[in-house]
Amino acid sequence: MAVKRLNHAVLYVRDVDRSVGFYEEALGFTVAVQFPGAAFLKVPDSHNDHDLGLFAIGMNATDSPAGRSAVGLYHLAWEVETLAELQSVADRLTKMGALVGASDHSTTKALYAKDPDGIEFEVSWLVPAELIDDETRNAMANVRPLDLAREITRYGADRPGLRSVVYN
């Protein structure tokens, strides 16, 4: 037996309402259930009861030392279906001041951002399997800055990425 995919993620945040607003605006999440100190959000067309859980631990909470002085989770990655959607997310994250990086991992085109608590996440588009050749596979170790306009010209704005093809 092997796992198939991530079902949901749960984050400790300082202020649930602030985080709900951020994830709604930045990534299009909607609230499935919310009560004092907690919220469960979904992405459009999800079959999960929730995709992201948020639990408040208060405004005095310290930042996680993971990656600096402790082991721990680095980030979660969400996929978009097309490069046009990735461009739209990039525009929103930039406008919000949340975008902190964009990388071309050869088979994955990725944006990196931080939420209001400094929790990093990735939004990515995966190159369809039929377009991955040996040259592309071998370039995976060479991370480059993402030129989204170039990738849209290369692959098309509306071409579904790998996961969209596999699971739809």
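**Group meeting: a walk through the fold, starting at Phe29**

Okay, let's start with one residue: Phe29, which sits in the loop between α1 and β2 (30-35). One caveat before I go on: what you have up there is a predicted model.

So, is Phe29 buried or exposed, given that loop position? It's buried, with a relative accessible area of 3%. And what does Phe29 touch, if we skip residues up to four places away in sequence? Tyr23 and Glu24, then Leu41, Lys42 and Val43, then Asp51 and Leu52, and finally Trp78. If you want a distance to hang on to, go back 15 residues along the chain to Arg14: its C-alpha is 18 Å from that of Phe29.

Now the core. The largest nonpolar one has 33 residues, and Tyr23, Leu27, Leu52, Leu86 and Phe121 are the ones with the most contacts inside it. Which element gives this core its largest share? That's helix α1, residues 16-27, with six residues. Two of those well-connected core residues, Tyr23 and Leu52, you've just heard as contacts of Phe29. Leu27 is worth a click too: leaving aside neighbours within four places in sequence, Leu27 contacts Phe22, Trp78, Val89, Arg92, Phe121 and Val123. Trp78, then, turns up for Leu27 and for Phe29.

Let me zoom out. We've got five helices and nine strands, and in order along the sequence they run β-α-β-β-β-β-α-β-β-β-α-β-α-α. The radius of gyration is 17 Å, close to the 15 Å from the globule rule for 168 residues, so the chain is as compact as a globular protein of that length. Some 39% of the 168 residues count as buried. Take the contacts with a separation of 6 or more: 61% of them are between residues 24 or more positions apart.

On the outside, the chain exposes about 9,900 Å², and 54% of that comes from carbon and sulfur atoms. For charges, there are 16 positive and 24 negative ones, and their mean positions are 3 Å apart.

Last thing, two backbone oddities. Asp45 isn't a glycine, yet its phi is positive, about 70 degrees. Ser106 also has a positive phi, near 70 degrees, and is likewise a residue other than glycine. Where are they? Asp45 is in the loop between β3 (38-42) and β4 (52-56), and Ser106 is in the loop between β6 (99-104) and β7 (108-114). Asp45 is exposed, at 75% relative accessible area, whereas Ser106 is buried, at 4%.

Conventions:
Residues numbered from 1 in each chain as written. Predicted model: local features only at pLDDT ≥ 70, side-chain atom pairs only at ≥ 80, totals over all residues. Heavy atoms only, no water. Helix = DSSP H or I, 4+ residues; strand = E, 2+ residues; numbered from the N terminus. Rg over C-alpha atoms; globule rule 2.2 N^0.38 Å. Buried < 20%, exposed > 50% of the residue type's maximum accessible area, 1.4 Å probe, protein only. Contact = heavy atoms within 4.5 Å. Areas by Shrake-Rupley, 256 points an atom, 1.4 Å probe, with all protein chains shown as cover. Lys, Arg positive; Asp, Glu negative; His and termini not counted. Charge placed at Lys NZ, Arg CZ, Asp CG, Glu CD. Core = buried A, V, L, I, M, F, W, Y, C linked by side-chain atoms within 4.5 Å.
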